[in-house]
Amino acid sequence: MKFPQYRARRMRATPNIRRMVRETRLSPDMLIYPMFVAWGKGKKEEISSMPGNYRLSVDRLAAEVKDVEALGIPAVILFGIPEKKDDKGSEAYNPDGVVCRAVKEIKNACPALTVITDVCIDEYTTHGHCGVVAGDKILNDPTLELLGLMALAHAGAGADIVAPSDMMDGRVGAIRIALDDNGYKDTAIMSYAAKYASGFYGPFREACDSAPQFGDRATYQMDPANAREAIREVALDIVEAADILMVKPALPYLDIIRMIKTQFNLPLAAYNVSGEYAMIEAAARNGWIDRDRVMMETLLSIHRAGADMILTYFAKDAARLLRG
Ligand code: PBG
């Protein structure tokens, strides 16, 4: 194959030819919509750094999830903003807490919609860390018990999938045992397997008021410089019986997505996180980029890198475009 006999342009000549040779396609089937559920009534507060995303109270959820379902999106993932926070994150595993109430409400409104819950105590702790704190340390093993309780509360409320995002060692196994021992053998685990200590979570922490009050998350989340370590993290989660793996964030870690996809055969998700969303929104608002085009190109790149599913704040808008 060489010029001038071979000309790559021939296969780009018309929309129909381009359609025939296209290698990757997005579909609403692969989108997961993150939602923030807040304590209280009649609440719909826009998150300032994530325009178009809201903190919704439980009574506002039904209309929203019906919309999500009508767009062909198969799943939502829930984050809770509790009534009160404390140093142990008690509201995280309260079976009558905000996320458990939200799960019941959503299952009532849309029984077939897949409900995933984020399992991590940082949104519920006054210190904003993902684990039990002693002095300036984040304790791994005592946190596992709380994560097990949290997963049980969510499964009891009817969650289909629990998604631990805390990055404690051994949490997938601890949650699996807690679920199995309590009759929730069919509740699946989506593990935030390779989760990096990233600056891209900024807007999310504003949304949940969950920024760590001291230090950072570098002792439990992964160093952005490491790729081989992601393989070890994923391998551990597979041994502990994770059902779905996740890489997070997505866009600055496309190499990791590709690597995990090539090396392992479990379903793979990628989280197009709040900062990735905020950058596109901000640039679009300044008239510097074409929002919809950049949104679709971003999602396509994450899928092309190897993600079978994408958690994204763009889910509704992307599904709308994909459905035409
Ligand atoms: C932890 C959690 C975080 C996100 C999802 N789960 C924040 C963190 O680790 O600090 C971030 C998601 C996003 O930025 O969109 N519960």
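This briefing walks through the ligand site, the cavities, the largest pocket and a few backbone details.

The model is predicted, so to read it fairly: local features need pLDDT of at least 70, side-chain atom pairs count only at pLDDT 80 or more, and totals for chains, interfaces and linings use all residues. Numbering runs from 1 along each chain as its sequence is written, and side-chain values use heavy atoms, with hydrogens and water left out. The headline is that the ligand sits in the largest cavity, with the protein covering 100% of the 410 Å² of accessible area that the ligand has on its own.

**Ligand site**

- The ligand has 18 residues around it, and the closest are K195, R205, K248, S274 and Y313; a residue counts as near if one of its heavy atoms lies within 4 Å.
- By class, that shell splits into eight nonpolar, three polar and seven charged residues. Here Ala, Val, Leu, Ile, Met, Phe, Trp, Tyr, Cys and Pro are nonpolar, Asp, Glu, Lys and Arg are charged, and the others, Gly among them, are polar.
- S274 puts a polar side-chain atom 2.7 Å from an oxygen atom of the ligand, and R217 has one 2.9 Å from a ligand oxygen.
- K248 brings a polar side-chain atom to 3.2 Å from a nitrogen atom of the ligand; a polar contact is a pair of N or O atoms within 3.5 Å.
- The 100% cover of the ligand is based on Shrake-Rupley areas with a 1.4 Å probe.

**Cavities**

- Searching the whole structure turns up two cavities of 30 Å³ or more. A cavity is a set of points, on a 1 Å grid over the protein atoms alone, where a 1.4 Å probe fits but cannot get out, and lining residues have an atom within 4 Å of a point.
- The largest cavity holds about 130 Å³ of space, where a volume is the space filled by probe spheres set on grid points joined across faces, edges and corners.
- It has 19 lining residues, of which D122, K195, Y201, F204 and K248 are the closest to its centre.
- Two elements, β9 (188–195) and α6 (202–208), give two or more residues to that lining; helices (H or I, at least four residues) and strands (E, at least two) are DSSP runs, numbered from the N terminus.
- The lining of the largest cavity comes out as nine nonpolar, three polar and seven charged residues.
- The ligand counts as sitting in this cavity on the rule that more than half of its atoms must lie within 2 Å of the grid points.
- The second largest cavity has about 70 Å³, and its lining is Y33, P34, M35, F36, N53, Y54, L56 and E64.
- β1 (31–38) and β3 (54–57) each supply at least two residues there, and β1 gives the most, with four.
- Six nonpolar residues, one polar and one charged make up the lining of the second largest cavity.

**Largest pocket**

- The largest pocket has a volume of about 280 Å³; a pocket is an open set of points with protein on both sides within 12 Å along at least five of seven lines.
- R22, T24, R25, L26, R293, M296, E297, L300 and L322 line the largest pocket, with helix α10 (residues 291–305) giving the most, at four residues.
- Its lining divides into four nonpolar, one polar and four charged residues.

**Backbone details**

- K248 and P249 are joined by a cis peptide bond with omega about -10°, and P249 is in the loop between β10 (244–248) and α8 (254–263).
- Another cis peptide bond runs from F3 to P4, with omega near 10°; P4 is in the segment before α1 (15–21).
- D209 has a positive phi, near 50°, in a residue other than glycine, and D209 lies in the loop between α6 and α7 (228–239).

Notes
Polar contact = N/O pair within 3.5 Å; in protein donor to acceptor, adjacent residues only side chain to side chain.
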